[in-house]
Amino acid sequence: MFSRIRSDVQCILERDPAARSTWEVLTCYPGFHAVLLHRLAHACWTRGFKWLGRFISHTTRFLTGIEIHPGACIGNRVFFDHAMGVVVGETAEIGDDCTIYQGVTLGGTSLYKGTKRHPTLGRGVVVGAGAQVLGGFTVGDGAKVGSNAVVTKPVPAGATAVGNPARIIQAELDVKREEAASKMGFSAYGVTQSDDPLSQAMRGLIDNAGGHEHQIAMLWKAIETLQANRHEPDCVPGDAALSEHFEAEKLNQLVGK
């Protein structure tokens, strides 16, 4: 038991730069207290003391602001960071080394008792503040759920789910699109894949903006070649696309112009 507590404290010291000492974690971290009390509530629940388990869970909610059903299964080194307003449902499972921030709901979409109604988080999953993960599916090992995302379908291991409704950022093209959008000063996390013509137009514009960098790099490459022939110092090399694929007419049709 004490070795498990030590590992819980250590994981908080490693993941939270604001944590300065073991004593501070033991006395001032509600996420740590919620995990300890949940283990007691879960032990009562699994041994048939259902009311006692629920009462301990209810008391934990009052003391910490974190509501974890005593039937939920929580692994080792799980860190509820800040975590005010977190709700974890009865059939939820949280794997080892997960990090869950404030306002997260691991909820269900079914009213049938005895079924797997709540999500399963694999090892090392990070769930951002305000995210809602709803349903009896699995979020794979090492996956990330962005802040305020609403996830209602499985998330592959190592992928990132963002937006409402959540979309999965996994393909190389999507990753590049997010990088291009961030350089323009906003995130494309809320852009859905194919259910809205305006979102499709936005995706096309983002891809085109990203392509501009390739064209600039192609110019650098041409200049580099010219200077190499004249035996001048090298310019910055680049890997550029040879042609553009910006279809202005198609984008205009998508937005109804």
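I began with the outward side of helix 1, where Phe2, Arg6 and Glu14 are exposed (over 50% relative accessible area, against under 20% for buried and in between for partly exposed, with a 1.4 Å probe and protein chains only). I kept in mind that this is a predicted model, in which local features need pLDDT of at least 70 and side-chain atom pairs count only at pLDDT 80 or more, while totals for chains, interfaces and linings use all residues. Residues are numbered from 1 along each chain as its sequence is written, and side-chain values use heavy atoms, with hydrogens and water left out.

I then looked up the other side of helix 1, and found Ile5, Asp8, Val9, Cys11 and Ile12 buried. They lie on the same side of helix 1 because they cover an arc of only 155° around the axis, taken from the directions from the helix axis to the C-beta atoms. Helices here are DSSP runs of H or I with at least four residues, strands are runs of E with at least two, and both are numbered from the N terminus. The buried residues of helix 1 pack against helix 2 (22–28), helix 3 (30–46) and strand 3, contact meaning heavy atoms within 4.5 Å.

I next turned to the open sheet, whose six strands run in the order 3-6-9-12-14-15 with mixed pairing, where two strands pair if DSSP finds at least two bridges between them. Its edge strands, strand 3 (79–80) and strand 15 (167–169), each pair on one side only. Strand 14 (residues 160–162) pairs with strand 15 in the antiparallel sense over three bridges, and I noted Arg167 in strand 15 as the bridge partner of Val162.
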